[in-house]
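The following exercises concern a single protein chain and its ligand. Each task is followed by a solution that proceeds step by step.

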Amino acid sequence: MDADFWHQRWQDNQIGFHQDRPSPLLLKHWPSLGLAGGSRVFVPLAGKTLDMAWFASQGHRVLGVELSQLAVEAFFAELGLTPEVSESRYGSHYRAGAIELICGDAFALDAQALGDCAAVFDRAALIALPPPLRQRYADELYPRLQPGCRGLLITLEYPQHEKQGPPFCVSEAEVRALYARDWDVTTLERRDILAQQPGFVVEGVTALETIVYALGRR
Ligand SMILES: C[S@@+](CC[C@H](N)C(=O)[O-])C[C@H]1O[C@@H](n2cnc3c(N)ncnc32)[C@H](O)[C@@H]1O
């Protein structure tokens, strides 16, 4: 899953992961984090998710990062927003109101870029990555978030041999191993969603669960 893979997905409009509303599991579980209004939320591998707009509507500031310029420009255009654009060593920064979306590589963001993010929201980011990149994501990107940072992580579990990722199955044991060094991991919900995902059934998947974790950086 290199950059070309994702650019092609956006070029071909193969974006089945995109939802036309904020994630229901985000709306349900975010309040449990007790985050102060105005806190900045990091949204890695953001696509054009409406979760970013929801965070802004809740009084948060948002820092997203997304490889695809198509996705970044579609995000603002579909909301009727005209972003200001500037360049830095991280990529092109698109800003409108409380939302800043960097068109660039998430792995290039350093502690300075992420320094004032008090929270992180990962939906379809960790599970978009194959195993070696998942390890890099947890080992290199997450340590750049500050102690006290809180967040939600939403994953999928299904028999991996029944379908090729992405999205990949990431087991609870793997999540706990990936984040064990610096993060407290709490399972908030585990839900059977096979009936709501006919695409998986068509591909021969026989079981599918989504899991929501709370993360807290020690
Ligand atoms: C499965 S999509 C999920 C998007 C979004 N989180 C959502 O819920 O709709 C994964 C996204 O990550 C982007 N991506 C993949 N690797 C990336 C990287 N290294 N840095 C920034 N974005 C990346 C892809 O272009 C794609 O839009």
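**Exercise 1: the setting of Leu 45**

Leaving aside neighbours within four places in sequence, Leu 45 is in contact (heavy atoms within 4.5 Å) with Val 65, Glu 66, Ala 106, Ala 125, Leu 129 and Tyr 137. The model is a predicted one, in which local features need pLDDT of at least 70, side-chain atom pairs count only at pLDDT 80 or more, and totals for chains, interfaces and linings use all residues. Residues are numbered from 1 along each chain as its sequence is written, and side-chain values use heavy atoms, with hydrogens and water left out.

Task. Determine where Leu 45 is found and describe its phi.

Solution. Step 1: Leu 45 belongs to the loop between β1 (40-43) and α3 (51-57); helices (H or I, at least four residues) and strands (E, at least two) are DSSP runs, numbered from the N terminus. Step 2: its relative accessibility is 26%, so Leu 45 counts as partly exposed; buried means under 20% relative accessible area, exposed over 50%, and partly exposed in between, with a 1.4 Å probe and protein chains only. Step 3: phi of Leu 45 is positive, about 50°, although the residue is not a glycine. Most residues other than glycine have a negative phi.

**Exercise 2: Glu 66 and the ligand**

Task. Establish whether Glu 66 is buried or exposed, and identify which atom its side chain reaches at 2.7 Å.

Solution. Step 1: Glu 66 is part of strand β2 (residues 61-66). Step 2: Glu 66 counts as buried because its relative accessibility is 8%. Step 3: not counting residues up to four places away in sequence, Glu 66 touches residues including Trp 10, Leu 45 and Gly 47. Step 4: the backbone nitrogen of Gly 47 lies 2.7 Å from the side chain of Glu 66.

Task. Describe the surroundings of the ligand, including its polar partners.

Solution. Step 1: the ligand is surrounded by 16 residues (each with a heavy atom within 4 Å of it), and the closest are Trp 10, Leu 45, Glu 66, Ala 106 and Arg 123. Step 2: an N or O atom in the side chain of Glu 66 lies 2.6 Å from an oxygen atom of the ligand, while a polar side-chain atom of Trp 10 is 2.9 Å from a ligand oxygen atom. Step 3: a nitrogen atom of the ligand is 3.1 Å from a backbone N or O atom of Leu 67. Step 4: of the 600 Å² of accessible area that the ligand has on its own, the protein covers 95%; the areas come from the Shrake-Rupley method with a 1.4 Å probe. Step 5: the unreviewed UniProt entry lists Trp 10, Leu 45, Glu 66 and Arg 123 under "binding site", an annotation that may be inferred rather than shown by experiment.

**Exercise 3: the loop between β7 and α7**

Task. State which side chain is joined to that of Lys 163 by a polar contact, and give the form of the peptide bond from Gly 165 to Pro 166.

Solution. Step 1: Lys 163 occupies the loop between β7 (150-157) and α7 (172-179). Step 2: with 11% relative accessibility, Lys 163 counts as buried. Step 3: the side chains of Lys 163 and Glu 203 are joined by a polar contact of 3.1 Å; such a contact is a pair of N or O atoms within 3.5 Å, and within protein one must be able to donate a hydrogen and the other to accept it, while residues adjacent in sequence count only if both atoms are side-chain atoms. Step 4: the peptide bond from Gly 165 to Pro 166 is cis, with omega near -5°. Step 5: the bond from Pro 166 to Pro 167 is cis, with omega near 0°. Most peptide bonds are trans.
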